[in-house]
Each structure stands twice: as C-alpha cells, then as structure tokens.
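Colleague: Could you take me closely through one part of this model, and then set that part in its surroundings?

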Amino acid sequence: MRWVESGDVRLAVFEEGDPANPTVLLLHGYPDTHRVWDEVAALLRDRYHVVRYDVRGAGESTAPPDRRDYGFDHLVADLGAVIDAVIGAVIDAVIDAGGAPRVHLVGHDWGSLQGWEALGRAGLRERIASFTSLGGPGLRQTAHFLRHGKRRDVAAQRIKSWYIGAFQVPVVPELAWASVMPGIISRTLRREGISPRPGHPAPTLAEDGRNGLWMYRRNMGAGGDPGVGDVPVQIIEATRDAFVTPALLASIGQWVPRLRHRKVAAGHWAHRSRPEAVARMIAEFADGAHAVRGSRRAFDGRLVVVTGAGSGIGLATARAFAAHGAEVVCADIDADAAVRAADAIAEDLGGTGHAAQVDVSNIDQMEDFSRNIIAQYGVPDIVVNNAGIVVAGAFLDHTVDDWRRTIDVNLWGVIHGCRLFGAAMVERGEGGRIVNVASLAAFAPSRLLPAYSTSKAAVKMLSDCLRAELAGRGIGVSAVCPGFVSTPIAGNATYVGADLREEAVRGLARRGYPAERVAAHILRAVHRNQAVVPVNLEGKIGYALSRISPGTMRTLARWSATIRNPGIGR
C-alpha cells in the first residue's frame, strides 16, 4: 500500500502486478472498498499492473474534514491524483503516442459514476485509454434519460432508484447504517449467491456507509454535457441488477462514439458472483479497445451459428444477421452450400461468414464442430438450430428408418446444438440466445406428416423446458414456428406412399411467403427474447386455435386428405 495525498484527504492505494504492464485501475462503488475487487484483481495481475484505492471516506482512506467535500470536483481530483502517482514513471511501452501515460479505467456503481464524470472533463479523459462501466450509469447521461426517455422506461428506473430520495433525508439514513443496513447488505449479497468473506463487506462498512451518503447529497441533480469524447467505452450490463434498468444503459450509447455493450448473467455485484466473466471482459476490452468502432448495427460484434444455412430459412437467417453486423458461421451438411453461403456474405454484404460442414444428427461431428467453432471464433452469442428434413406420407407408410432419420435430424440435431453451445454459454456467463426453428406442424396435427410433426412438437416443448432452465443464466430460448414458406424443402423432402412432390412444390411456391420474412421474425425473436413465435397468417391462426380449440385442430387434421398444403413450415 502507498498513500496518495489529494487535497485534504489521504488515499490508500494498492498495486499488484508488473508496473511495466498496461495499467488497469479498478474503482469501487458504494458502500464498498477496494476489497470488493479482490477476485477480479487476482485474475488480472499476471497480465496487468492492477491498481485499486479506497475512495475518500471509505476503508483505509481518510474522510474530508468538511463532509460536504464529496462533490465530483473532489472525487475526480482524487482519481487524477492516483493516476499521476501510479503511472507517472511508466516506461515507454505503456506511453501513448502523445507522451501522456494512460490507464484502463474500470468502475462499479459509484466508481462507475466517477468514471463517466472523468470522461466528461478535458484534461483527465486524455489520461484514460479505455473505460469499462459496471452497474453505474453516468449522472449526466441519466439526467438526459430522465428528461427525454419514454415515460414507461423512466418510471421503471425511478422505481429502482427509490433509495436515492431516501438518502437525502437528514439523520434517518445515518441511523439506519448504525443499525439495520449492514445486515441488509449481507442478505442482499446472499440473495445474489455471494457469501461474505474477509474484506467484503468491509469491517468499516457502517462508517463507510454513513460517509458515502454525502456522495448522493452533493452530486444528485448534476447535469452538463453528456458527451464523453472519443474514449472507447465498454458497458457491462448485469442482467439481474436491482438498481439499473436495461433501458437506461441502452440510452447511454448515443453519447459514446466507440461503444461495446456486453451482458453478464448476474446481479449488482457481478464482479463478486462472476469474477471470471468480468475479468475476461475487462481484459478483452483493454487488449482491443483501440479497435472498437462506432457502428450501431443491431448485432455488431456478435457471433452467430446457423445450422442448415445452405438454403431456405437458414440461408436467409445467416444473411440477415450478417447484414446487421454479426459474424456468422454457416453450417450445413452440404459443404459446398455452406461455402457458397459464407462467400456470399462477404461478397454481397461486406460481412464476415465462415463455412462449416456438419451432420447435426451425428453427435461426434457436432462435438467436433462445437469445439472447433469455440476454439477458432469463441463462444457464440446466438445459435439458430434450423437444420431439418421432411418425410411426408401416411403413418403406415413410414418405415422405422423414416422415423429414425427424421427424429435424428429434427430433434436430436436441435438437442445437440442446445446442449453443446448452451453449456458453453453458461460457462462463459454472458448470457446468449438459442433459437430453435420448429413449425406450424408443432401444434397442427397432420395425417401426412406424422414423423415431421412429432419431431417439431418435441422441438417446441424442448425449447419451453430449456427456456425455463436457462432464464436464470441470462440465456433466452425461442421456438420459431413458421407456417407455409416458399423454400426448397418440399422439393428436397422424402415422400412415402403416393408421390406428391410436384403438387407440394407448386403449393409452397404459390404461397409466396419468402424465407427472408421468417429470418426477420428470428432476428426480432432474438432482440425481444420471445418464447414462441408463430410466423405468417396460417402459423398465427394455427397457434391460436391450438390453444383455444384443440378439437378444431384435430378435425382439420382429419380433413387433410391431400398434401396440397402439407404443413411444412421450413
């Protein structure tokens, strides 16, 4: 530990790692101390010069003689003093082109608020190489959101911020910190799955809580220009944060020219409950902040895996994600089709596509496929399990092999994709989305598609089960159920009994519903985290009838004596 003088306070500063490495400065929130970062610091110190300090009035740092000296002018001056002290003699390897040493700043809660304020101040923001914000929006940006945001979003944030008004009340908050608040903090941590340990909560918690009240009393209502200059910013959104709404965090992007927005499936103290994920995000951003661009496309920086991407809905979906900025893995059992899809993404859209050949029904191939994708490109943010086949004809004309092949591809292929990539998403801890393409046939029985309909019904139920299981991990699971879509699937189907291929192909062609419209529904399902998405008119009517009047659906199935509209949704 070293002491850094800043005005009339002495700041306790703690350093780990080689000072010749890039400096990461971790700034704690209220009512914590630098010890809240212990786990993250331990994961970063081998690669970085890790710096932490107790803010004024917290932990081992002294409190100002005048309790009103908690305004941003004082807090930001403290930050500048620490930066000057710890990197004033940094070697050339970590000196920027202008000759001023800089730090990668990371803030949580009030530490994040101080970071946002520093970005708004010329002279200090030039000392910051990048800024990672966890659980703390800037007050300038928040003020703009509260004035101009949608009424419903603003109301939701005000409800979550109820405590701010309570902290303005004289005397009562101080009494609470002397009595019930330490216990409330410990119970809140346990609800997030965090066990108290030496150093957090700190032995000085009650005193730190009382002192820190003045940060609220001196700074709430602070306004000014919300702009932050050209510093690269990473927002880590804790998906179960009890104090900050996603709408508020999303609104901040308009003020940040170079932004990366990531999510971690955790509560407010994500750096305690998911330190590996938070440390990895900090390191990845510090290493690549210089490359962050200012694009605002919906899926910029996302890795998407699409199976059955060689044609039809899979191809349209891969192209749609690429058009919105995603890096897309185009997987198909037909290697040439996968290559054509990936090449077209680069040539037609200027995007990034990768081709992969895989038989989704083969567990060995799927395990190799998932390992290779994760090793080469990372854990996917979005997986679309789309690959499927059709065997059409009466039940008594289906052989055991027809059933086995249909179940292997349509159901086991989805199970493999969900299991392998879902496990990787859970381990990574950043959430994600899984989309399973089912069909109108999932809830519309048919005399002519028994194996197909059975497999798709199972896919929908699997999606519902998995959605319930993974929701707490920040992973959304959607079942997309198209009606009749004009794709090549009818021509590629296997027909048992009567050969009605030509009639089926003509029927889907006449329907005139392109795969691109299904792809748009898939992107919307990912964005909104929708559970079940019936697509087009017959899909929506069929879904509604299956819920309102299942008997009607069974009656319609008895009438389906031809395959003119076979219920093939993909």
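Modeller: Directly after helix 20 comes Asn529, whose phi is positive, near 55°; this, like every value here, is read from a predicted model. The helix that Asn529 follows, helix 20, spans residues 515-528. Its 14 residues reach 20 Å from the first C-alpha to the last, close to the 20 Å expected at 1.5 Å a residue. Along helix 20 the buried positions are Ala515, Val518, Ala519, His521, Ile522, Leu523, Ala525 and Val526. The cover over these buried residues includes helix 13 (312-323), strand 12 (382-385), strand 14 (432-437), strand 15 and strand 17 (532-535).

Several of those covering strands belong to one sheet, which is open, has 7 strands in the order 11-10-9-12-14-15-17, and pairs in the parallel sense. Strand 11 (352-357) and strand 17 stand at its edges with a single partner strand each, so one side of each is left without a neighbour in the sheet. From one strand to the next, the twist averages 15°. Towards the strand 11 edge, strand 10 and strand 11 are joined in parallel over 6 bridges, and Ala331 stands opposite Ala356 of strand 11. Helix 14 (residues 335-349) packs on this sheet, where it touches strand 10 and strand 11, and its direction makes about 175° with that of strand 11.

The packing around these elements can be followed through the nonpolar core. In soluble globular proteins, nonpolar side chains tend to be buried together. Here the largest nonpolar core has 48 residues, and those with the most contacts inside it are Val305, Val329, Phe369, Val390 and Ile434. At least two residues of this core come from each of strand 9 (303-307), strand 10 (327-332), helix 15 (363-377), helix 16 (400-428), helix 17 (450-470), strand 15 (475-482), helix 18 (489-492) and helix 19 (501-511). Helix 16 gives the largest share, 8 residues. Val329 shows how such a position is surrounded: leaving aside neighbours within four places in sequence, Val329 is in contact with Leu303, Val304, Val305, Val306, His354, Ala356, Phe369, Ile373 and Tyr377. Apart from this core lies another, of 43 residues, among them Val40, Leu134, Met181 and Ile185.

For the wider setting, there is also an open sheet of 8 strands, ordered 1-2-4-3-5-6-7-8, in which the pairing is mixed. Its edge strands, strand 1 (2-6) and strand 8 (259-264), each pair on one side only, and neighbouring strands are turned by 25° against each other on average, direction ignored. Within this sheet, strand 2 (residues 9-16) and strand 4 (residues 49-53) run antiparallel to each other over 4 bridges, and Phe14 has Arg52 in strand 4 as its bridge partner. Helix 3 (residues 110-119) packs on the sheet, touching strand 3 (23-27), strand 4, strand 5 (103-108), strand 6 (128-134) and strand 7 (233-238), with its direction at about 145° to that of strand 6. Helix 12 (residues 275-288) lies across strand 3, strand 5, strand 6, strand 7 and strand 8, and runs at about 165° to strand 8.

Methods: Residues numbered from 1 in each chain as written. Predicted model: local features only at pLDDT ≥ 70, side-chain atom pairs only at ≥ 80, totals over all residues. Heavy atoms only, no water. Pairing = 2+ DSSP bridges. Axes fitted to C-alpha atoms, helices over the stretch in contact; angles between N-to-C directions. Contact = heavy atoms within 4.5 Å. Core = buried A, V, L, I, M, F, W, Y, C linked by side-chain atoms within 4.5 Å. Buried < 20%, exposed > 50% of the residue type's maximum accessible area, 1.4 Å probe, protein only. Expected span 1.5 Å × (residues − 1).
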